[in-house]
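Good morning, colleagues. Please bring up the sequence and the coordinates, and I shall take you through several parts of the chain in turn.

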Amino acid sequence: MKSHTRVAVIGGGVVGCSVLYHLTKAGWKDVVLIERDQLTSGSTWHAAGGFHTLNGDPNVAKLQGYTIGLYDELEKISGQSCGLHRSGGLLLADTPARMEWLKMAHGRARYLGLETELLTAKEAKKLLPLIEEKYFVGAMLDAADGNLDPAGTTHAYAKSARIGGADIYLQTRVTELKPRTDGTWDVITDKGNIHAEHVVNCGGLWAREIGRMVGLELPVLAMEHMYLVTDEMPEVVEFNKTHGHELPHAIDFKAEIYMRQERSGMVLGTYEKACVPWQPRTTPWNFGTELLTPDLDRIAPSLELGHKHFPAMAKAGIKRIINGPFTFSPDGNPLVGPVQGLRNFWCACAVMAGFSQGGGVGLALSQWMVNGDPGFDVWAMDIARFGEWATRSYTNEKVRENYSRRFSIRFPNEELPAARPQQTTSLYDVMIGQGAVMGDSWGLETPLWFAPKGVEPKDIVSFHRSNDFPHVKRECLGVRNGVGVTEIANFAKYEFTGSGAEAFLSRMMTNKMPRNGRIILTPMLNPDGKLIGDFTIAKAADERFLMWGSSQAQKYHMRWFERHLPTDASVAIRRFDMGLVGLSIAGPKSRDVLQRLTDEDVSKTGFKFMEHRAMDIGYVPAMINRVTYTGDLGYEIWVAPEYQRKLYMAIMEAGRDSGIVNFGMRALLSMRLEKNFPTWFRELRPIYGGFEAGLERFIDLTKNDFIGRDAAMKEKQGGGKLRRVSMVVDATDADVLGDEPIWHGGKVIGWVTSGGYAHYVDKSLAQGYVPKEVATETKKGAFEVEILGERRPATIILEPLFDPEGARMRM
Ligand SMILES: Cc1cc2nc3c(=O)[nH]c(=O)nc-3n(C[C@H](O)[C@H](O)[C@H](O)COP(=O)(O)OP(=O)(O)OC[C@H]3O[C@@H](n4cnc5c(N)ncnc54)[C@H](O)[C@@H]3O)c2cc1C
């Protein structure tokens, strides 16, 4: 073994081998892979080898498309066959709701450049005669689906990596990881030690154990998974003979099964409801290439349905049943990227679909390591998306929920129940008592909407407007015509202190830092000028700044800040988390309510728009920002958690005469739409430039140098390629959800990022990106947005429909 390497990749499954190959491809040749046993000896060897592009997140779907396209390149470089069968696949819908979901997936595939086609059940049966047509209402054909040989593919990655200069050490187990003060690692193995500049955890079934070597408890859990292989089936033989090709893959969402041809029989696997975790605490190091005992009773409900839906399967003999473990994260997507709080330690774990995702994971991680940026929008698989609340028992519950719902529809207004409530504020029971329907926001229960007396506080899940519609409308009107109060504990909150705080923030952010007692809004860019943050910053005192941002991105942002912190201890960062909670009051009567709670002057001139001040509010020590996301007159009031209950009671008392209403996240998001305000992770993501996103007001190219300034200057001069636009959509009973294609002149030219019903202005609105050349084309119906398979006319609006001059915020 060498004594030193640039990168030590731990784990020789399909993911580790892909990471190794992609590192060599990106130009890092001095890289090694360390494998406990043989290549593939974790979960990889017994995989069913299927691949597909389907994913709930379009950016992950794109990376899956990359993976599937990569296999020809690997075969060419390595001379090793991947055993490819590019047979295409059918996604079978049993209900109109599932068909609507497929129509959405089909629309999204269009803008991702993936090839899909919607079919009737009859057309689907022509392609896959095993189907009993009466159980299905339609299908989607995905041309990219297929299957491969898991071992051949892993070896093709490994051989290609070796050709690129990598070394692979087999039968070598990493037993310890010791950090050096310079951020490098001593990798201790049972065959000697190696000093590595970077370590990558590709430990698959042992990812948790490798995490524990560096003090991490990764949110990953292995589940048992079964598939069976049938004997030869005459129906398959006959089809192959008459058609000259294999049967396509199939996913039967109702029965929770996937199916594909294997030789002259079929493979059938299930994601059963009665699923079982494997080794929930610790994976034994001596687990080898063994299979687990099959349990057909557990998958019997799926099999029964499968036999009805595909009658030939009921007659087929079973040749083999495979039961093997593989790993999942709480939301089913991989855990990839650098780990916040550790230097040069990277993860590529919880890859549950290694043959659909392994290539994309390897590409993104290698670019991240080599260039400092993954080069794609990888948020949906970024390890930073889980907070400290994702404990081992939380992970266990969520992974089981995710596994058992693998093929279930997740409706846009559906909140999943497992492991909730995890975090609550002191107002939780008060809010529930007032009819709140709660949602999960980065592990925290947050009111979505309030059911009035006599109405059941429950969402009816749907792709269409649902039962919350009149109640969210009432909340919006309550705010716009009077005053409303909402919980805002789910924002991220930070404090920056020290003599270097201002210079540090100024280097990170695009906008000038505020004066004492003032607030600014500011994006944050990466060196390529792409958006990696969007914050509100207040200067509370000399050398003390408070900052608010997206709760989901807290670890993502902390990781970035820590990477750039000066080493002279002149800046300290504190993440408040639930140590600072808040309530926002908004609407034209909100000032009257605030004034009743304080003896400070909060008049228009006494407490101006975008000011920040500490004051007592109804006996409670608070910090107040005169700004809200509603785009109306309003205030954010921030307090320590022990005061939040008292604050709420005081606000409700003071607001009673003004008819104060509770409002939830859905009303807040509706109100921001009619102001054309963007949201983080929808309109603002690392694939867009600040000017493309329309944030030029907050990018000051004349101030000190900041990260991304050169790229931002170029973007300003060249104008970028895209523009964020707001549109009025001629919708019927369903609004956009995000990820719908935007059509113009008979072609898909852009995509929707988010939208919904703007209740106060009574319009269906969408935001999205289109090429800048058409972004000012305001002719009525010049565009179309595809909602649930139907193209609806859409019109770009250049001004917000509510209060375009911003007079209300400043009143
Ligand atoms: C029954 C079944 C069917 C499946 N079907 C499919 C399918 O059809 N399509 C699909 O895409 N996916 C499928 N999968 C999932 C697929 O197998 C996984 O996505 C994939 O194997 C994950 O690969 P990995 O490299 O992350 O993990 P692993 O394959 O588990 O690899 C981890 C490697 O790390 C090594 N290692 C761990 N700790 C150490 C250490 N300390 N020192 C050195 N080496 C170490 C292990 O020995 C192992 O080889 C299936 C899985 C199962 C079980």
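**Helix packing, internal space and backbone**

I begin with helix H1 and helix H5, where Val14, Cys17, Ser18, Leu20, Tyr21, His22 and Thr24 of H1 meet Thr154, Tyr157, Ala158, Ser160 and Ala161 of H5. Sorted by class, this contact of H1 with H5 holds 7 nonpolar residues, 5 polar residues and no charged ones. Please keep in mind throughout that the model is a predicted one.

How are the two helices arranged? H1 covers residues 14-25 and H5 covers residues 150-163; their axes lie 8 Å apart and make an angle of about 30°. Angles under 35 degrees count as roughly parallel, and H1 and H5 are therefore roughly parallel to each other. The crossing in which H1 passes H5 is left-handed.

H5 has a further partner, helix H2, which spans residues 58-78. The axes of H2 and H5 come within 9 Å, and they cross at roughly 60°. That angle makes H2 oblique to H5. Here, too, the handedness can be stated: H2 and H5 cross in a left-handed sense. On the H2 side, the residues in contact are Thr67, Leu70, Tyr71, Leu74, Ile77 and Ser78, and they meet Thr153, Ala156, Tyr157, Lys159, Ser160 and Ile163 of H5. The contact of H2 with H5 divides into 7 nonpolar residues, 4 polar residues and 1 charged residue. You will notice that Tyr157 and Ser160 of H5 appear in the contact with H1 and again in the contact with H2.

I turn now to the empty space. Rolling a probe the size of a water molecule over the atoms shows where such space is left. The count comes to 5 cavities of 30 Å³ or more. The second largest cavity holds about 50 Å³ of space. Which residues line the second largest cavity? They are Gln423, Ser441, Trp442, Leu444, Ala489, Asn490, Phe491, Ser551, Gln554, Asp577 and Met578. By class, that lining has 5 nonpolar, 5 polar and 1 charged residues.

Among the pockets, I shall discuss the second largest, with about 650 Å³ of space. It is lined by 27 residues, and those closest to its centre are Pro338, Trp346, Arg559, Trp560 and Arg563. Two elements give two or more residues to this lining, namely strand S19 (345-349) and helix H15 (554-564). H15 provides the largest share, 5 residues. The lining of the second largest pocket comprises 14 nonpolar, 6 polar and 7 charged residues.

Next, the backbone. Most residues other than glycine have a negative phi, and most peptide bonds are trans. Where does the chain depart from these habits? Arg420 and Pro421 are joined by a cis peptide bond, with omega about -5°. Pro421 sits in the loop between helix H11 (392-404) and helix H12 (428-433). Gln279, although not a glycine, has a positive phi of about 45°. Gln279 is placed in the loop between strand S16 (277-278) and helix H8 (296-309).

Finally, I would draw your attention to Lys604, in the loop between helix H16 (590-596) and strand S29 (612-617). Leaving aside residues up to four places away in sequence, Lys604 touches Arg591, Arg626, Arg810 and Met811. How far apart are the C-alpha atoms of Lys604 and Arg405? The separation is 52 Å, for two residues that are 199 residues apart along the chain.

That concludes the presentation, and I welcome your comments.

Technical notes
Residues numbered from 1 in each chain as written. Predicted model: local features only at pLDDT ≥ 70, side-chain atom pairs only at ≥ 80, totals over all residues. Heavy atoms only, no water. Axes fitted to C-alpha atoms, helices over the stretch in contact; angles between N-to-C directions. Helix = DSSP H or I, 4+ residues; strand = E, 2+ residues; numbered from the N terminus. Parallel < 35°, antiparallel > 145°, perpendicular 65-115°, else oblique. Left-handed = near helix turned anticlockwise from the far one by under 90°. Contact = heavy atoms within 4.5 Å. Nonpolar A, V, L, I, M, F, W, Y, C, P; charged D, E, K, R; others polar. 1 Å grid on protein atoms, 1.4 Å probe; cavity = no way out; pocket = protein on both sides within 12 Å on 5 of 7 lines; lining within 4 Å. Points joined across faces, edges and corners; volume = space filled by probe spheres on them.
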